[in-house]
Amino acid sequence: SAIDAEAAAAQSKVNKVLSEAVAAIKELGIAEKDIATDTVRIDREYDYSGSERKDMGFSAFTQLTVALDDVSKTGSVLDAALKAGVNDVQGVNFSCSKQSEYYDEALAAAVKNAQRKADVIAQAAGGIVSGIASVEEQSYGGAAYANTVNYSYDMAVAEGEAGTELPAGKIEISASVKAVFLMGDGAEDDVKTEPAQPQAGE
């Protein structure tokens, strides 16, 4: 972001920084298709610290989104952007590239868990599970994120300082179902599972 008396001048300052930041990020081997402009905003700025409102001009803000397959480059990309003059980092999100695959595995495990519990309850009641009346998915396979990191810097990282390290950690994906099983005597036994053991993804 940048502030100037003229809106066009403020945006020009931002454009210069972004151009240098994109060039620096590309030098790290990041493809242009993985770098996108996410938000462009120009606002009137005022200073309310005194007894009267003071016009500070215009603030320009443009947000870039960088997608990485190699999470080990996250710190290097952040450092490159800061050294280029980027002064506001909205956050870093780590997500799983195999979200659907791991969620399906967790969902299957949840169904098996429901079956196991139904068998235990039926046996304790002196009966057997004779069938399944219904199975409903209680969770959904939405995106899973871990270690969301937020930064706000007043200046770029200086040359010679230690690079930023951002370990991705573990992403947990869980699923749950509600299943109604039929016992041998025809009675219904409603069993709702606990979430299946989370599956770890990359």
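Buried means under 20% relative accessible area, exposed means over 50%, and partly exposed lies in between (1.4 Å probe, protein chains only). By that rule, 31% of the 202 residues of this chain count as buried.

This is a predicted model, in which local features need pLDDT of at least 70 and side-chain atom pairs count only at pLDDT 80 or more, while totals for chains, interfaces and linings use all residues. Residues are numbered from 1 along each chain as its sequence is written, and side-chain values use heavy atoms, leaving out hydrogens and water.

**Exercise 1. Find out where confidence is lowest and where it is highest in the chain.**

Step 1: Recall that pLDDT is the predictor's confidence in each residue, from 0 to 100.
Step 2: Look at the whole chain, where the mean pLDDT is 81 and 77% of the residues reach 70 or more.
Step 3: Go to the extremes: strand E9 (residues 188-192) is lowest, at a mean of 49, and helix H1 (residues 7-26) is highest, at 95.

**Exercise 2. List the elements of the chain in order.**

Step 1: Use DSSP runs, numbered from the N terminus: helices are H or I with at least four residues, and strands are E with at least two.
Step 2: Count 3 helices and 10 strands.
Step 3: Read from the N terminus: β-α-β-β-α-β-α-β-β-β-β-β-β.

**Exercise 3. Describe how E2 and E3 pair.**

Step 1: Two strands pair if DSSP finds at least two bridges between them.
Step 2: E2 (residues 35-47) and E3 (residues 54-66) have 12 bridges, in the antiparallel sense.
Step 3: Pick one bridge: Ile 35 has Val 66 of E3 as its partner.
Step 4: With 6 residues between them, the two strands form a hairpin.

**Exercise 4. Compare the span of H3 with the expected one.**

Step 1: The expected span is 1.5 Å times one less than the number of residues.
Step 2: For the 26 residues of H3 this gives 38 Å, and the model's 37 Å from first to last C-alpha is close to it.
Step 3: Just after H3, find Gly 126, with a positive phi of about 85 degrees.

**Exercise 5. Identify the largest nonpolar core.**

Step 1: Such a core is a set of buried Ala, Val, Leu, Ile, Met, Phe, Trp, Tyr and Cys residues joined through side-chain atoms within 4.5 Å.
Step 2: Its 7 residues are Cys 96, Tyr 102, Tyr 103, Ala 106, Ile 171, Ile 173 and Ala 175.
Step 3: Helix H3 (99-124) and strand E7 (171-173) each supply at least two of them, and H3 gives the most, with 3.
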